[in-house]
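Q: Please take a close look at the ligand site in this model. Which parts of the chain surround the ligand, and how do they fit into the rest of the fold?

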Amino acid sequence: MNILDRIIADKRREVSLKKQLIPTEQLEKSVLFNRQGQSLSARLRQASFGIIAEHKRRSPSKSVINQSLSVENVVSSYEKAGAAGISVLTDAKYFGGSLDDLLLARASVEIPILRKDFMIDEYQILEAKAHGADVILLIAAVLDKTELKTLSETARNLGLEVLLEIHNQEELNKSIHTEAEMIGINNRNLKTFEVDIENSIRLAKNLPDRFTKVAESGLSDTEVVKKLKSSGFDGFLIGETFMKTENPGGAIQSFLKDLD
Ligand SMILES: O=P(O)(O)OC[C@@H](O)[C@@H](O)c1c[nH]c2ccccc12
């Protein structure tokens, strides 16, 4: 079994257990459930370089990235430095995150927040809303066309935006008819961890203009980000480059300065 299949198998177990413990009515009682969602898509299109800065403690490809900083400090410093949005990993087993991280991030920043997790069930979208997210991630590699459609409709009905992640033409074909606001092209193949920017540039050319285009993963060089911007990308999802430093806020600040 590849890593992605393992993560999804674990996620199915996790979600079915949580559903028994915390009913959806309880999620709907959260104060945050009535909060007005904000548009990440609009912010990315307005920014000269729209960075979505990610909070990520560890990952299956890199193991430990940063275990010592507090999520509140990291995301506030991202916001202060000029990030367009924040991504918070909430998967515990493989990424060391939690829904509490999402709550703490929401309490710390005003800018849009993406709940970064492996979404397979409507229940997780209600959780995202109840913990203050503005955007959810849907990964085309693990969902079929019908699931992509119904999960994005659920998000839309809750006032959440969708970042739909693809990696190849086949995934693009099944995503193109959904109502997602943003398409993320993952430079990293989630099955092999290989990073390929040229693949992303080729794929982006086949995307209709109505989608805000986001380049994801493996970005550490401002020259590469400039090249992606001129190839039509509006947003850039960056985690490790910032998180592996002692001062992620300082790292994004100098990154943005280099892009200027
Ligand atoms: O840390 P990086 O290489 O800058 O990547 C960030 C983000 O793109 C990556 O964490 C990611 C992209 N798609 C995902 C899906 C699930 C978990 C994580 C991810």
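**The ligand shell and its surroundings**

A: Of the 14 residues around the ligand (C-beta, placed from the backbone, within 6 Å of it), those that come nearest are E216, S217, L237, G239 and E240. Two elements give two or more residues each to this shell, β10 (235-238) and α11 (240-243); helices (H or I, at least four residues) and strands (E, at least two) are DSSP runs numbered from the N terminus. The model is predicted, with pLDDT of at least 70 needed for local features and 80 or more for side-chain atom pairs, while totals for chains, interfaces and linings use all residues. Numbering starts from 1 along each chain as its sequence is written.

By class, six shell residues are charged, five polar and three nonpolar (charged: Asp, Glu, Lys, Arg; nonpolar: Ala, Val, Leu, Ile, Met, Phe, Trp, Tyr, Cys, Pro; polar: the others, including Gly).

E216 has L237 of β10 as its bridge partner. Strand β9 (residues 212-216) and β10 run parallel, joined by three bridges; strands pair if DSSP finds at least two bridges between them. Both strands belong to a barrel that eight strands close in the order β1-β4-β5-β6-β7-β8-β9-β10, with parallel pairing. From one strand to the next, the twist averages 25° (angles run from 0 to 180 degrees between N-to-C directions, with axes fitted to C-alpha atoms, for helices over the stretch in contact).

On this sheet packs α4, which touches β1 (50-55) and β4 (85-89) (contact: C-beta atoms, placed from the backbone, within 7 Å). The direction of α4 makes about 170° with that of β1.

Methods
Contact = placed C-beta atoms within 7 Å.
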